[in-house]
Amino acid sequence: MNMDYDLFMQQITTTARAEMEAAGYEQLRTPEEVEAAFARKGTTLVMVNSVCGCAGGIARPAATHAVHYDKRPDYLVTVFAGQDKEATAAARYYFGEDHIPSSPSFILLKDGQVVGEVGRFEIEGHDPMSVVTNLQGHFEENCEEI
């Protein structure tokens, strides 16, 4: 069996992006798009996407379902680690020195400041509903009712 690795990765990436867009997340592909999105007033949930299994099996389903809640972020955005490298680096720089870069992960911003985070260690090995509950706890604390 001969498989073209680049073609395979392109298919996975396209599917992962489509899942997030269908769930209402805006793709941030450049540092300029990251800067503009993070400057918005209100709350912004950032999902650091990945092609790994825990992203596809846990984080993306959690990202989709967590926002079906009375309190939710004003904006939903995503950067794709390993794919949109400059945008991801810009986002991680913005998250600050205390941020441990991991993917997948979620960061909640309020008026441009980090107010919550769900790192890979809180995703990998957990079921999607526990991640949903974790995210909604951050929404409850920091977001307005919609």
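This passage looks at the nonpolar cores, one strand residue and one helix pair in a predicted model.

Start with the cores. The largest nonpolar core holds 23 residues, and the members that touch the most others are Y25, L45, F106, V131, L135 and F139. Two or more residues come from each of β2 (43-49), α3 (53-66), β4 (105-110) and α5 (128-142). Helix α3 is the top contributor here, giving seven residues. A second core, separate from this one, has 14 residues, with L28, F38, V46 and A81 among them. Back in the largest core, L135 is worth a closer look: leaving aside residues up to four places away in sequence, L135 touches L45, A62, A66, F106 and V118.

Next comes L108, which sits in strand β4. With a relative accessible area of just 2%, L108 counts as buried, because the cut-off is under 20%. Setting aside residues up to four places away in sequence, its contacts include T43, T44 and L45, along with P73, the run Q113, V114, V115 and G116, and also H138, F139, N142 and C143. G137 is 29 residues from L108 along the chain, and their C-alpha atoms are 11 Å apart.

Finally, the helix pair. Helices α2 (residues 31-38) and α4 (residues 85-95) have axes that come within 7 Å of each other and cross at roughly 35°. The crossing of α2 past α4 is right-handed. On the α2 side, P31, V34 and F38 make the contact, while α4 supplies E86, A87, A90, A91, Y94 and F95. By type, that contact splits into eight nonpolar residues, one charged and no polar.

Technical notes
Residues are numbered from 1 along each chain as its sequence is written. This is a predicted model: local features need pLDDT of at least 70, side-chain atom pairs count only at pLDDT 80 or more; totals for chains, interfaces and linings use all residues. Side-chain values use heavy atoms; hydrogens and water are left out. A nonpolar core is a set of buried Ala, Val, Leu, Ile, Met, Phe, Trp, Tyr and Cys residues joined through side-chain atoms within 4.5 Å. Buried means under 20% relative accessible area, exposed over 50%, partly exposed in between (1.4 Å probe, protein chains only). Helices (H or I, at least four residues) and strands (E, at least two) are DSSP runs, numbered from the N terminus. Contact means heavy atoms within 4.5 Å. Axes are lines fitted to C-alpha atoms, for helices over the stretch in contact, and angles run from 0 to 180 degrees between N-to-C directions. A crossing is left-handed if the near helix is turned anticlockwise from the far one by less than a right angle, and right-handed if clockwise. Ala, Val, Leu, Ile, Met, Phe, Trp, Tyr, Cys and Pro count as nonpolar, Asp, Glu, Lys and Arg as charged, and the others, Gly among them, as polar.
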